[in-house]
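Got the viewer open? Load the model and follow along, selecting as we go.

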Amino acid sequence: MITVQNVSKAFGPKKLFEDVDVTFSPGNRYGLTGPNGAGKTTFMKILAGDEDPDTGTVLRPRKLGILRQDHFKYEDNRVLDVVVMGNAPLWAAMSEKEGLLAKPDIGEVEGTRLAELEGVIAEEDGYSAESDAATLLTGLGIEEPWHDQPMRALTGGYKLRVLLAQALFGHPDGLLLDEPTNHLDIESIRWLEGFLRAYEGVLITISHDRHFLNAICTHIADIDYETIITYPGAYDAMVRQKGQVRSRVESENAEKKKKIAQLQEFVARFHAGTRASQVQSRIRAMEKLKLEDMKRSNIAAPFIKFEQKAPSGKQTLEIEGISKAYGGNEVIQPFSALVTRGEKICVIGKNGAGKSTLVKMLAGELEPDDGHVKWGHQAQVGYLPQDQAGAIRPGTTAFGWLRELEDKLSNEEISGLLGRMLFSGEERMKPTATLSGGETVRLLLAKLMLFKDNVLILDEPTNHLDLQSIAALSEGLQRYEGSVIVVTHDQELIREVGSRIWALHHGEPVMDFPGTFDEFVEKHPDLASLH
């Protein structure tokens, strides 16, 4: 059990949450939600003990598994050892035992201590520790040959998988997982979903993956109105309940305001007259009609609407046998396809399968080794890269950057576009060098909305976006009348947007499937884990 009592936290004038009282119970799995900047990561750090609240206390279980994002802390440690370190008492006992056994002479005192350490190791399941750690690593997609390697041998994404295994190791009573699906392919995500559904302790997780939250959560703890409100059920159920609660409270307050206005009018008319007793009665009635404390919601979704200046020709794109190899590794085998106007293509595949390579060739950012990319009549292509470093010029502001790109629009029109993408007031003049990941993506999407291209190529556009922004992006792509080619791991986005699937698998040609993702899964259930 994790118990939060009277916890408040603010940064300067910005109050994140105030006097929060909430209990997270064993056997329940909580998704911690709220828009970017609501305080999710701060609250998670308070739960972990890494950051102090301004007021209040947190009661934690003895063994707490925490996913930490310190990629480079264990560079010289063996991968298996890093996982076992997740059980601190076990690792301390094993390390001390190793040190004692390394001594040339072991006396009676050392012998007694070794016996005590053996008891700790047995109690913490230490004799199956390496096999348990190996099972976790394999489930998360790190194969056995890497288990004995030092952490520095792994790429950043796989280091994060090791840190996730570390958090899961040792049967912790509680789990705190901040974005555990980052850098996981769908096969590993599904393994993690199964592991967490079987977990018997208390789980609190932050995720921008709607499918993941719907798959594992029994409750949602939502940060809004400067507090944390717990809803039973998964994410979609919370969205429905939250809307209903908000509508009910607003409706009740509207009726109260109307009644108060009527009472105030009566008091104003007769306060100096002969109806003093009736006036006092209405004053007492007004005091009883207190409005609900309607603290301002921090939920804000961008309004994403992609338009076209003019449609492309019917045959939007012709791909003729393009291929790409790096060294002796053929990443994209010869691939040909015809894309017609208005198609929505989702590109799926495991990490490293070549998805970004493929769309870079289509966007003209990378030359194919062989073959040709031919865009059709009046095709105008807008491209959002996965790696956004350098995509926005530093040394200017969000407003100034859009102003540079399009000088035909008025300042009011630029400001309106930025406002729809949640750059309001002073945030429009925020220096581009200080933009967060989510702000960078929203500004790049604003650029695409500004240019009104009839083809959009988007490489992992949901990276860094919060749940509200991802839902707005999905809605915008569904309504867009142009052609879309989007690389994504977001299962809900694929289901909602895709009318055609390009599936990439290591060492095999691109599979071109003419249908929705659900139809793809039904026809090729063995390949459903590719995205």
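Start with the surface of the whole chain: about 25200 Å² is exposed, and carbon and sulfur atoms supply 49% of that (Shrake-Rupley areas with a 1.4 Å probe; for residues, only the protein chains shown count as cover). A caveat: this is a predicted model, where local features need pLDDT of at least 70, side-chain atom pairs count only at pLDDT 80 or more, and totals for chains, interfaces and linings use all residues. Numbering runs from 1 along each chain as its sequence is written, and side-chain values use heavy atoms, with hydrogens and water left out.

Switch to cartoon and you get 17 helices and 18 strands (DSSP runs numbered from the N terminus: helices are H or I with at least four residues, strands E with at least two).

Now select strands 10, 11 and 13. They make an open antiparallel sheet in the order 11-10-13 (strands pair if DSSP finds at least two bridges between them). Strand 11 (329-340) and strand 13 (370-375) each have a single partner strand, so one side of each lacks a neighbour in the sheet. Zoom in on strand 10 (315-326): eight bridges tie it to strand 11. One to click on is Leu-317, whose bridge partner in strand 11 is Val-339.

Next, pick helix 12 (398-405). Which of its residues are buried? Ala-398, Phe-399, Gly-400, Trp-401 and Leu-402 are (under 20% relative accessible area, 1.4 Å probe, protein chains only). Add helix 13 (411-420) and helix 14 (437-451), which are among what covers those buried residues.

Terms used: Buried < 20%, exposed > 50% of the residue type's maximum accessible area, 1.4 Å probe, protein only. Contact = heavy atoms within 4.5 Å.
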